[in-house]
Structures are given as C-alpha cells and as structure tokens.
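Grab a viewer and work through these short exercises. Each comes with a solution you can follow step by step.

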Amino acid sequence: MSPRAGKNTGPTPHTLAFVESPVQLLNVLEWAHSRLLHGRREPGAGLTLVVLSPNDPMTRGQLRRMAELARREGHTVRWEEARDGATAPFRTVGSLTGLLRRAERMVMGDPFSRYVQLLLTLTRARELVVVDDGTATMEFVGQLARGERLVRWHRKGSRTSPRDLLFAPVSGVARRRLTPGPDHGVEVFSAMPITDAPDGVVLTANRFVWTRDRFGPPRVTKGADMVGTSLVETGVVDADRYLEAVRTLARAHGVTRYFAHRRESAEKLHRLAVETGLQVVRPELPLELIARRGPTGRTVLSFPSTVVHTLPLALSGTDVRVTVCDIDPAWLTAGASPRARGFLAGVTGTARAAHGLTAVNPA
C-alpha cells in the first residue's frame, strides 16, 4: 500500500479525495476522467485518494481492488485504518490535518459521513466536490436546498440520539461548508436525476465514460440476473417479505444469479440460496464494473437502488435491459422511517423517467 497520509513523501496534492466505499472510489475515478476529457485537469495537478477504510471484510476487499485500478490510472492511494480501535479517528484526523489545510480541492463521496463532516471543518479548500454515494446523493442535495440538517433518508424522522446532539455543531459547520459561498465553490458530480440543487451548486453529469472506456462490452447471456439490496439490513424491509419477493421474481423471469450487495448478511444470503436455488455471487468490484466485464444476463432486475440509475449508463450500447422492481409498502418494517416509502418510490419513478426502465411488481 501507499504510505499513510501523515507521511507526506512528495509535493502537496492539489486534490484530496476521501472515500469509504468502492462505489465512491469508482465515482472519483469517473470524476477525474471527466475533468481530463474536458481539459479541466491542471498540468501537474495531483489526485490523492485517501481510503478511510471500514472494518467490513467484503467492503475492504472491494476497496483494495479498486485502489489498484486507481493506481493504474496514475493516482496516489493512501490507506487509512480509520476505524481500527478507539484511538483510530484521532490518529487519522491528525495525520490528515496538514494535507487538508494545504489542498486546493476536496472531493468526498459521502457528505453524511461523520468522518467527512469532521474533515470538512478542517479544510481550507476553495473547491469542494461531492461524488455519488448512491441514491443518497439525491437526498443530500434536497436537504441542502431546503436548509435542513444532513440526515440519511432511512433515519429521517427517527429520534435524535445524544450522540447526534453532541455532533450537531460539527454537522452544522459541514453543511455551511457544503453551501457555495464567496470563498469556495461546490460541485456535485452525479448520475442521479437532481433537479432541486441550491443556487450556486454546479451539477455535472456522470455518464460512466471511464467505465465504458476501460471495460467491456460484455458477453450477454440469455438468462436473467438479479441485484441484491441491503434494505433488510438497514431495517427498512422485512426479511421474510423480501425473500418471498426474490423467489417470486426469480420464478417469473428465469433468474439464475443473485448479485449480493456488499452489506447483505451471510445468514440472509444462505437462506436465500437454500430457499430460492439461486446462485449467490459476491462481486469483487462494484456491480457497474462486473456487469460491464460480463458475462451479463440479457435482463437485470433490481429493487430501488443506485444501480437502476448507474447500470443503464454503464451498459449503454449493449443489449442488456434493466428492470426495476417496486417495493410494496406492506413490506416495510414497523421501524422504517416515515421517509422510506416516498424515497423508494422516488428512486423507482425517476429511473423510469430518466432511462425508460420497465417496472415489475413482485406481488
């Protein structure tokens, strides 16, 4: 791995990018490629990717593979064990403070992350860039436009915890930093359909050009694939209802493979494989790259998630058809936030409008 961020062995990078998931890292690569294509990358400007590594083994594995792809593109990658024990946050923030204060641009994948919000209070960057961390980007931009505090959509409406109250001043500063001002600009680089951005926020469309340039086109098979979701793990959808929906859809559409979300539990996936007979695949890279490399089913079914917006772009020019599966409100758990139903319906509706996707109802 590259040296820790605190051991600065070269010139100060113009751009520091912070990622905590493989999808965020992929979208940083897309953003950097987009700037290169449009002649906006300054001569000699360095991009340093700082991986704030989570503890989940599946996510770590995908991040390490994505980091290798980033190095092949000529970027510097610095791996931070950001959650390795109680003192890890202090070590991580301490090692990054100097670089943050000297960097001219900060790129981030998850503005809801407390780590990222804390780092935002330390940077003096005159340019802030938010790249997609999935469909949550739509919620982030909407909250920013309405002047609301930054809260993940599946937690909105839930009770504020003592930890939230303690962190509120930091979150408030981060939200102000993410609002364009006379001393800094804000760009959102996104594949999501965003219409209500605040005044001054620059919206740049992510068309997954880097992904299409580097991978594929895939070999398209006659069967169908299904994309998994972590809605059960986040407490939004009931597990029994979800497995029944997967079983019904697989039978109706001839699905043979189930591509697991990196946050899906091993217990749920084992039960799914036994009860449905599907081949469960744990991808080593984000699904956009896996699908682009192939082989890929002629039909890809997905519940409301990021991929209903990104896969049509990554698979543009192929014969693959992406289909979105509606979430029946009866599947929602008693603990699901009041925002969940509307948000999930919005993901489905915007995917239909933006990409002409067909929709199915497992019921």
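**Exercise 1.** Which strands does helix α2 lie across, and at what angle does it run to β3?

*Solution.* Numbering starts from 1 along each chain as its sequence is written. The model is predicted, so to speak only of what passes the filters: local features need pLDDT of at least 70, side-chain atom pairs count only at pLDDT 80 or more, totals for chains, interfaces and linings use all residues, and side-chain values use heavy atoms, without hydrogens and water.

- Helix α2 (residues 57-72) lies across β2 (47-52) and β3.
- Its direction is about 155° to β3 (axes are lines fitted to C-alpha atoms, for helices over the stretch in contact; angles run from 0 to 180 degrees between N-to-C directions).
- Helices (H or I, at least four residues) and strands (E, at least two) are DSSP runs, numbered from the N terminus.
- Helix α3 (residues 88-102) also packs on the sheet, touching β1 (15-19), β2, β3 and β4.

**Exercise 2.** Work out the strand order of the sheet.

*Solution.* The open sheet has 7 parallel strands, ordered β3-β2-β1-β4-β5-β6-β7. At its edges sit β3 (76-80) and β7 (202-205), each paired on one side only; pairing takes at least two DSSP bridges. Now zoom in: β4 (residues 105-108) and β5 (residues 127-131) are joined by 4 bridges, and Arg105 has Glu127 as its bridge partner.

**Exercise 3.** Find what Phe140 touches.

*Solution.* Skip neighbours within four places in sequence; Phe140 then contacts Pro111, Phe112, Val130, Leu150, Leu178 and Val188 (contact: heavy atoms within 4.5 Å).
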